[in-house]
Every structure is written in C-alpha cells, then in structure tokens.
Amino acid sequence: MAAMGVPAAAVCTLSLLPAGAQRPAGDPFDELKGTLPFVLRNAATPERHQIETMPGGIAVFDYDNDGRLDIYFLNGAPQPSLVKPGPEWWNRLYRNLGGWRFEDVTEKAGLAGEGFGMGAAAGDYDNDGWTDLLITSVGFSRLYRNRGDGTFADVTENAGIPATQWPISAGWFDMDNDGDLDLFIVNYCVWDPKTEPFCGDRRAGYRTYCHPKYYEGLANTLLRNNGDGTFTDISKHAGISTKIGKGMSIVFADYNNDGWMDVLVTNDTAPNFLFRNDGNGRFTEAGFAAGVAIADDGKILSTMGAEFRDFDNDGWPDIFVTALANETFPLFRNLGNGVFQDITYRSRIGAASLPHSGWSLGVADFDLDGWKDIFTANGDVQDNTELFSSRASKQQNQLFLNQNGRTFSSMLFGSRAQHRGVALGDLDGDGRMDAVVSVLNEPAKIYRNRLGEGRNWIALRLRGTKSNRDAIGAKVRVTAAGLKQFNHVSTSTGYQCSSEKTLRFGIGEASQADEVEITWPTGKKQTLRGVPAGRVIEAAEP
C-alpha cells in the first residue's frame, strides 16, 4: 500500500544542506528537509473540535536492537468516525538504516494503528529485551508487544489495558521496585463532538478551539504490572483516582531521593499534580505543598509538557514545564527538602518564553558543556490566531542554553509552524542529541545537532539482568574535570513523547570521566573509573 505516493516500505533519504549552503546565522541545528514523508493530520473541521489541536506523539527508540534509533509517529483520523480509512492516516514507524536514511516499516511491523492517535510510551514491560509500545488515542489505549522479529502484537485485551475516555499521554516506571514496569496513563477531559461548545466571535465570523474550562476533567489511571503479561488497575488503592485534573504530560523522578520514583502530571488550566511515592503502593499528592501546582504568582497555567531533570547539578531533580503565550515556561528548582522554588524569571527563561506557546520539550546537554539545556516545540493552540490577536499561529522552536546552572540564554531557530511533539535521541551516532518534531498538517522535522563540536562526551546504556531490563529509574552520577552531573533513566519526556533511554553526558575538554556511579533500581551501586570519552558504555546490573 502507498501513502502520499510513497510505498509503505520505501527507503527515505533525508536531504542535507546543499553543497556550500550555510545554516541560518545562530541556528544550533540543521533542519533536515527531505523525503521523510510523515504528515501529522489532525482532521480539522469548521467546528474546531477539541481533539484537533492536541495530537503530536513521537517515540524515538531502537525497536530492532540494531544499535540505531528508530522513529514512530502518531497520526489522527477523519471525523466523525475517528477511523483510519487509508495509509495517509496511518501511524508510521521508520527504521533507521544509518547515514540519515530511513525505511518505512509500518506495515511489516503491524503498527499502522487505529483511531485518532495522541501519545506514545516506549518500555520493555515484559522484560524480554525488546522495547514495547503503549499508544494513547481518543477513547482508548493500545499495548503493542514487540515480538523481536520486527513485528508487534496487539495484546491490549489480554493485558487488561482499560479504555479510558481520553487517554492523552502515558509513561512507564517501576512504582514498587519489583523489577516490572508499571504504567501510568494520563487522561485529559470529557469530550463529546455532539456537544462541542461554540467559542470565537460569531459576528466577526470566526471560531476557535475552546478553553478547557468548558470541559469536565478526568482522573488518571495507574496500572500495576503483575509480572505475567497482565496489569491490574490500582488507581483507587494508590490514591490516584481521587484527584481530578485535565492531564497533559507525565514525567518521573525520585525528587526526594528516598529510592522511590515519583510522578509529575501537568494539567491544563488546573493545578499540576506531584504524586509522591510513599513506597507502600500508595501515593500522596503534594503539588501545592511542594510548590509546583501553580506558578509563584498564584496563576494556574495552561501547563503542557514537562521534564523532571537536575538542571543545576546539585543532585536533586528540578521541574521545567511549558505553557501558553503570556504565561511563561516555569522552572522550579528543587531545594532538596521536598520543596521547589519558582526561578522562572531569575533564570531568564520567563521573559524569553513569554511570547511563545510551548508543547513538548526535551532536556539534554546539546552543547556538551556539562549542563543540561532545554528544547521546546512551539506553536499556538489556534490555527487562526492572527484573526484576533497580534500573535502568530506558527512559531519557531526554541533552545534554552544552560549557563552553568544559574541562567539560560534563549535561541529561536528554524522555520515557523504549529509544532507539537518533540522526542530526542542521537540519530547519527556522533554523541550529540538530535531532535524529531511533529507538526500539524505539515511534514515532520528532524534537527541534526551542530552544537558542541570539538567537545567530548560519554554515554551509558544500562541493562538490568532479569528484571527491569530497561533499567528505568536507575540513577547515574558522572564526575569529570571536577564537575559532577546527575541524571536518571526515563523514556517519558515532554508532551505525549518517548525519548532515547541512553544517558548522555557532555564532559567538555576532558578526555575521560573520572568516575561514574550507577545506582540501580534495586538499590545496588556500581562504580566505573577512568571511563574514556567518545564511547557508549554498556553496563549491566551486577
């Protein structure tokens, strides 16, 4: 079968910059325009149905274990059926052949999908060494088990994955440290196209996507992995289902360093949830107590994407979230005592982000200087913003470069579009983190990282032994040239996206990392010394 004139098994070669061409001045990435044909189709209607502005999920993961990162995109479906009638609406899996060449293997893999797709969560839930996929769509989720032969099996029913009303994002983590990955599904709101309210200006003759206040919120879903291929819904017992929000994104970190992974769920025009893992199968919602439920000025934001990483290299995971124009992209610094401090303006992110609307995001040390930077995918909610404001619907993406953990400098780059998802991974094996971005009704974008040339790096690919093969939740401390850096394994990033699970650290001019300390999810510690630069280190749990 063919999509947009491209055979389903076509090899796509991305066009690099023409000979002699230069990147636009100051751009940190090459935008690789070419023949990767995926277009995120949102089935826009004159009625401006709420689902149309919300999709964008991407997974960057190695589905065939060949050492190269592959790309999976979620796609929409026509309304009102929400059924994919043909290949132009398929979700798409592109196998990385190396050299910026990709093969469309969607049909062979069995991942064309169904329904109006939203988010992707990549993780090895059955510990067989092959990465599986959980896909969220309007009205239901699907669990695809990786068979290890290039194909996936839909095991949703047998696994016991429930069909919640609007699952929008999902993520894998080991909530009870038993070695099996558990699943957290984020649900957005109650949506019925038959009762879609009118928003906009009838006299002026335009309609807009409605504010979330017109929709009822939903509880989230926590599924415990039973270790036999099935899951049990423990949302009520764990204290998750009692909290009603309008969920958008989900990220994980052990923010209080007690050995249990905690959960951050961002909410759209509702206070964010920080579910503190109490270690007994229950969670305490601590968003307000920790200072991350709302902004420091008391405003409830349209919080979109999130990341839960240590920005200032002090060993405590911080929180960064995206929001809409005139709201800023808040940065909450972890003070190490269970409380976060809003440093959005102090970090210089506030003023730089104020004019923009951010969706997904990714955190990585793009310039390899030892400090984590931030990539945001920007674009307005509305596709007709120009009719009623001075803002633009299509926006440039943004990079916030970390200045030694204290402040960030902002760079806008690339062509304007309604960007949505962004997932990160080293797609060409040069040690630098690249980015894949989905765009509403336009071809997806791939950005090749050109920062950090001449600087050194190390990467760690961790593998559990018989349990938690992905080592999700493992913590790593790297010491090089006197600088200590901290990170942890998690594929759940940004908004609706999954990124590479390999941990990457820039070490600047150093030729090696003096020490690498790994704390495995089981609590075991492992120390490596004299780790040479420029290598991906395979480390197995002792």
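**Salt bridges in the predicted model**

Arg477 and Glu515 pair in a salt bridge, with 3.0 Å between their closest N and O atoms. This contact links distant parts of the chain, since Arg477 sits in strand E37 (residues 475-480) and Glu515 in strand E42 (residues 512-519), 38 residues apart. Glu515 is partly exposed, its relative accessible area being 21%. The model in which this pair is found is a predicted one, and the count of salt bridges in it comes to 32.

A second pair can be followed in much the same way. The side chains of Glu538 and Arg461 form a salt bridge with an N to O distance of 2.9 Å. Glu538 belongs to strand E44 (residues 535-540) and Arg461 to strand E36 (residues 456-463), so this salt bridge ties together parts that lie 77 residues apart in sequence. As for accessibility, Glu538 is exposed, with a relative accessible area of 54%, because the cut-off for that class is over 50%. Its partner Arg461 is partly exposed, at 25%.

A further salt bridge brings together the side chains of Arg95 and Glu103, at 3.9 Å from N to O. This pair still counts because the rule accepts a nitrogen within 4 Å of a carboxyl oxygen. Arg95 is partly exposed, with a relative accessible area of 24%.

Arg95 and Glu103 also take part in a wider arrangement: salt bridges with shared partners join them with Asp64, Asp66 and Arg68 into one network. Behind such contacts is a familiar principle, namely that side chains of opposite charge can pair when their charged atoms come close.

Key: Residues numbered from 1 in each chain as written. Predicted model: local features only at pLDDT ≥ 70, side-chain atom pairs only at ≥ 80, totals over all residues. Heavy atoms only, no water. Buried < 20%, exposed > 50% of the residue type's maximum accessible area, 1.4 Å probe, protein only. Helix = DSSP H or I, 4+ residues; strand = E, 2+ residues; numbered from the N terminus.
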